[in-house]
Amino acid sequence: MKKFAALFFKYFFLLLFLLCVWQYKLVLYGINQLKGQLTLIYNTQPVNEVLNDPALDPATREKLLLTEKIRKFAMDSLGLKNSKNYTTYYNQHDQPIMWVVTGALPYELKAKEWWFPLLGNVSYKGFFVEEKAIKEEQLVKSEGYETDIYSPSAWSTLGFFTDPIFSNMLKRSPGRLAELIIHELTHATIYLKSSVDFNENLATFIGEKGAEQFLLSQFGEHSEELKKYRGFLTDDILYSEYMMLNSKRLDSLYKTFTTDMTVREKATLKYRMIASFMTGIRKLPLSYPDRYVFDFKKSRLPNNTEFMSFLRYRKDQNIFNDVFQKKYNSNLRYFIEDIVKKSENNEPLPF
């Protein structure tokens, strides 16, 4: 038995060594990400301790208490996975924590993908060090992709770690805070491998529906909090649908490009079309137009990565809503529980 055990560990560590040699870049990336995540976790505080601090400002205290109510609602009323997520607090001192790199082909709405164990193919790559994100962006550009770097408000570690409340999250309105937390808790509850668009669209749908239900239960139908969030949501959906429609127009334009066209000709046609999209935003009947109107003097035109982000998060919303209403009678808890059950049993999903 001892001889068998010795052979087992010998070959196990040999395979582990060979894996590290074969995928050393991925292993090194994983070590750096683990280091960043553990550093973050090490510097968090339990929410209870933060609330007991007499020097805590009233606004932060109020939002932390609200976060606990959102978390409890998501688990007790919506049936999202019960975990210790959002029971700790990390003060980011108004600084970004993570930088995420995305890429897309310049004349095709096709995303750059990275492969990771357990997650499969993913169309973004995160870093805890900005310089490493910039280096990755340059590498992706050298492969012929357009790129974008952004700092996410939050992310889910899918149950591998306890996800904390970040201090900048507390600057959000009650509705947007509820949406963000429920969105990330959805990822920790339902996550399909190599299905980024489905996962993000589903979390967006549940996050928005869940936030409305939370505000309704917490503040009431005629509350200012619910009214404000619904106004924000109406604008966001209108703007997103506009950008998704224009994504299709952009895709149609790319399909007319021929091999004998010069890069300059393609780039000019693309620039003119995107510029017309951004100009057209002014005509949308938005309640809060200042949040969306494009300033040509201060900002560069969006590239394909940004158009694809709308597809990643919103392209299936109408499909989800149709199934939600017809099959689940607009019962969000039933909707979530059935999807969880089907995904765990590898049954076909109703979409």
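Let me begin with a single side chain, phenylalanine 351, which counts as partly exposed because its relative accessibility is 34%, a value that falls between the 20% limit for buried and the 50% limit for exposed. I should say at once that what we are looking at is a predicted model, so please keep that in mind throughout.

Which residue does the ring of phenylalanine 351 pair with? Its partner is phenylalanine 198, and since the ring centres are 6.1 Å apart and the planes meet at 50°, the pair is described as tilted. Unlike its partly exposed partner, phenylalanine 198 is buried, because its relative accessible area is 16%, and buried means under 20%. The two rings also bring together distant parts of the chain, for phenylalanine 198 sits in helix α7, residues 196-219, whereas phenylalanine 351 belongs to the segment after α12 (332-344), 153 residues away.

This pair does not stand alone, since ring pairs link Phe198 and Phe351 into a cluster with Phe205, Phe320, Phe324, Tyr328, Tyr334 and Phe335. Across the whole structure, the search finds 24 aromatic pairs.

Let me turn now to a sheet. In general, the strands of a sheet pair through backbone hydrogen bonds, and they may run parallel or antiparallel. Here, 3 strands form an open sheet in the order β6-β3-β7, and the pairing is antiparallel. The edges are formed by β6, residues 125-127, and β7, residues 146-150, each of which pairs on one side only. From one strand to the next, the twist averages 25°. If we look at β3, residues 99-104, we find that this strand pairs with β7 over 5 bridges, and that valine 101 has isoleucine 149 in β7 as its bridge partner.

Strand β6 leads us to the last topic, because it is one of the elements that supply at least two residues each to the lining of the second largest pocket, along with α2 (24-42), β4 (114-116) and α5 (130-142). Which of the elements gives the most to this lining? That is α2, with 9 residues. The pocket holds about 780 Å³ of space, and of the 25 residues that line it, Lys25, Tyr29, Lys125, Phe127 and Glu136 lie nearest its centre. As for the character of the lining, its residues divide into 10 nonpolar, 10 charged and 5 polar.

Methods. Residues are numbered from 1 along each chain as its sequence is written. This is a predicted model: local features need pLDDT of at least 70, side-chain atom pairs count only at pLDDT 80 or more; totals for chains, interfaces and linings use all residues. Side-chain values use heavy atoms; hydrogens and water are left out. Two strands pair if DSSP finds at least two bridges between them. Helices (H or I, at least four residues) and strands (E, at least two) are DSSP runs, numbered from the N terminus. Axes are lines fitted to C-alpha atoms, for helices over the stretch in contact, and angles run from 0 to 180 degrees between N-to-C directions. On a 1 Å grid over the protein atoms alone, a cavity is a set of points where a 1.4 Å probe fits but cannot get out, and a pocket is an open set with protein on both sides within 12 Å along at least five of seven lines; lining residues have an atom within 4 Å of a point. Grid points are joined across faces, edges and corners, and a volume is the space filled by probe spheres set on the points. Ala, Val, Leu, Ile, Met, Phe, Trp, Tyr, Cys and Pro count as nonpolar, Asp, Glu, Lys and Arg as charged, and the others, Gly among them, as polar. Rings of Phe, Tyr and Trp (its six-membered ring) pair if their centres lie within 6.5 Å; planes under 30 degrees apart count as stacked, over 60 as edge-to-face and the rest as tilted. Buried means under 20% relative accessible area, exposed over 50%, partly exposed in between (1.4 Å probe, protein chains only).
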